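Student: Could you take me on a close look at the biggest pocket in this model, and then at the helices around it? I'd like one connected walk-through.

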Amino acid sequence: GCNSIYKREILDKVMPQDETLLTCDETEMNYRIKDLGYKLLYTPDVFVYHYRRQTPKKLFWQMYRYAIGRVQFGKKKRGVVKFTHKLVGFSLPIFVSITFVLLLINIKYIALFCLLILGFLFWFFLKSTFDNKGILIGINSILCILIIVSAWSLGFLREMFLPLKDIKGR
């Protein structure tokens with residue numbers, strides 16, 4: 001939503017936004033715009049500058065809240081919670097379950113499982129480092145992946161099993 005421009009006459013047809021959602025209200029509005037037959041255009045040549053979360057803690061809470069909003073919207077409109085949302089949403093319990101099963105089978109398999117995950121993170125570190133020509137960016141990319149995945153999973157699970165009563169987070 002922060003990188004969007006709308007025609008006033010279209011906004012007049014879809015406003016107000018759904019204020020019952022913690023986040024994802026602009027996504028919900030975009031679906032209503034598309035349901036009216038309008039097109040949303042993607043223009044990659046336009047640059048937009050906006051505020052980014054400056055600390056890992058703020059990024060964590062942003063992703064946690066985004067996951068809650070996506071699940072809330074998914075309860076209102078079928079199909080907006082995609083496979084990737086669900087995969088990341090259930091990633092923490094999947095990781096714990098796989099680790100537990102491997103522990104029961106053979107502890108050596110846990111090491112292989114961890115090596116697989118570390119291999120993926122190392123590949124991503126190398127890609128980020130070389131693409132952006134900086135080792136600090138590579139390190140920060142790994143930290144961001146871990147923060148985003150864990151926060152999204154916790155927020156997703158929170159809203160799936162203990163839904164918020166209101167948008168203030170209670």
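Tutor: Let's start with the volume: the largest pocket comes out at about 850 Å³. Keep in mind that this is a predicted model. Its lining counts 27 residues, and the ones nearest the centre of the largest pocket are His 50, Leu 59, Gln 62, Met 63 and Tyr 66. Sorted by class, that lining holds 12 nonpolar, 11 polar and 4 charged residues. As for where the wall comes from, H2 (25-35), H3 and H7 each give at least two residues to the lining of the largest pocket.

Now for two of those helices, H3 and H7. H3 covers residues 56-76 and H7 covers residues 135-161; their axes come within 7 Å of each other and cross at roughly 40°. That angle makes H3 oblique to H7, and the crossing is right-handed. On the H3 side, the contact takes in Pro 56, Leu 59, Phe 60, Met 63, Tyr 64, Tyr 66, Ala 67, Ile 68, Arg 70, Val 71, Gln 72 and Lys 75. Facing them from H7 are residues including Cys 144, Ile 147, Ile 148, Trp 152, Phe 156, Arg 158, Glu 159 and Met 160. By class, the residues of this H3 with H7 contact split into 17 nonpolar, 3 polar and 4 charged. If you colour the pocket and the helix contact separately, watch Leu 59, Met 63 and Tyr 66: they are among the residues nearest the centre of the largest pocket, and they are also among the H3 residues that meet H7.

H7 has another partner, H5. The axes of H5 and H7 come within 8 Å and cross at roughly 100°, which makes H5 roughly perpendicular to H7. Here Ser 91, Leu 92 and Pro 93 of H5 meet Val 149, Ser 150, Ser 153, Leu 154 and Leu 157 of H7. That contact has 5 nonpolar residues, 3 polar ones and no charged ones. Ser 150 and Leu 154 of H7 turn up in the contact with H5 as well as in the one with H3.

From H5 you can carry on to H6. H5 (residues 91-105) packs against H6 (residues 107-132) at an angle of about 145°, with the axes 6 Å apart. Phe 95, Ile 98, Thr 99, Leu 102, Leu 103 and Ile 105 in H5 meet Ile 107, Tyr 109, Ile 110, Phe 113 and Ile 117 in H6. The class split there is 10 nonpolar, 1 polar and no charged.

Back to H2, which also helps line the largest pocket. The loop between H1 (8-14) and H2 contains Pro 16, and a cis peptide bond joins Met 15 to Pro 16, with omega about 5°. Cys 24 sits in the loop between H1 and H2 too, and it has a positive phi of about 75° despite not being a glycine. For context, most residues other than glycine have a negative phi, and most peptide bonds are trans.

One last stop is the second largest pocket, with about 670 Å³ of space. Of the 17 residues that line the second largest pocket, Asn 3, Ser 4, Ile 5, Leu 41 and Thr 43 lie nearest its centre. Its lining divides into 11 nonpolar, 4 polar and 2 charged residues.

How values were computed
Residues are numbered from 1 along each chain as its sequence is written. This is a predicted model: local features need pLDDT of at least 70, side-chain atom pairs count only at pLDDT 80 or more; totals for chains, interfaces and linings use all residues. Side-chain values use heavy atoms; hydrogens and water are left out. Axes are lines fitted to C-alpha atoms, for helices over the stretch in contact, and angles run from 0 to 180 degrees between N-to-C directions. Helices (H or I, at least four residues) and strands (E, at least two) are DSSP runs, numbered from the N terminus. Angles under 35 degrees count as roughly parallel, over 145 as roughly antiparallel, 65 to 115 as roughly perpendicular and the rest as oblique. A crossing is left-handed if the near helix is turned anticlockwise from the far one by less than a right angle, and right-handed if clockwise. Contact means heavy atoms within 4.5 Å. Ala, Val, Leu, Ile, Met, Phe, Trp, Tyr, Cys and Pro count as nonpolar, Asp, Glu, Lys and Arg as charged, and the others, Gly among them, as polar. On a 1 Å grid over the protein atoms alone, a cavity is a set of points where a 1.4 Å probe fits but cannot get out, and a pocket is an open set with protein on both sides within 12 Å along at least five of seven lines; lining residues have an atom within 4 Å of a point. Grid points are joined across faces, edges and corners, and a volume is the space filled by probe spheres set on the points.
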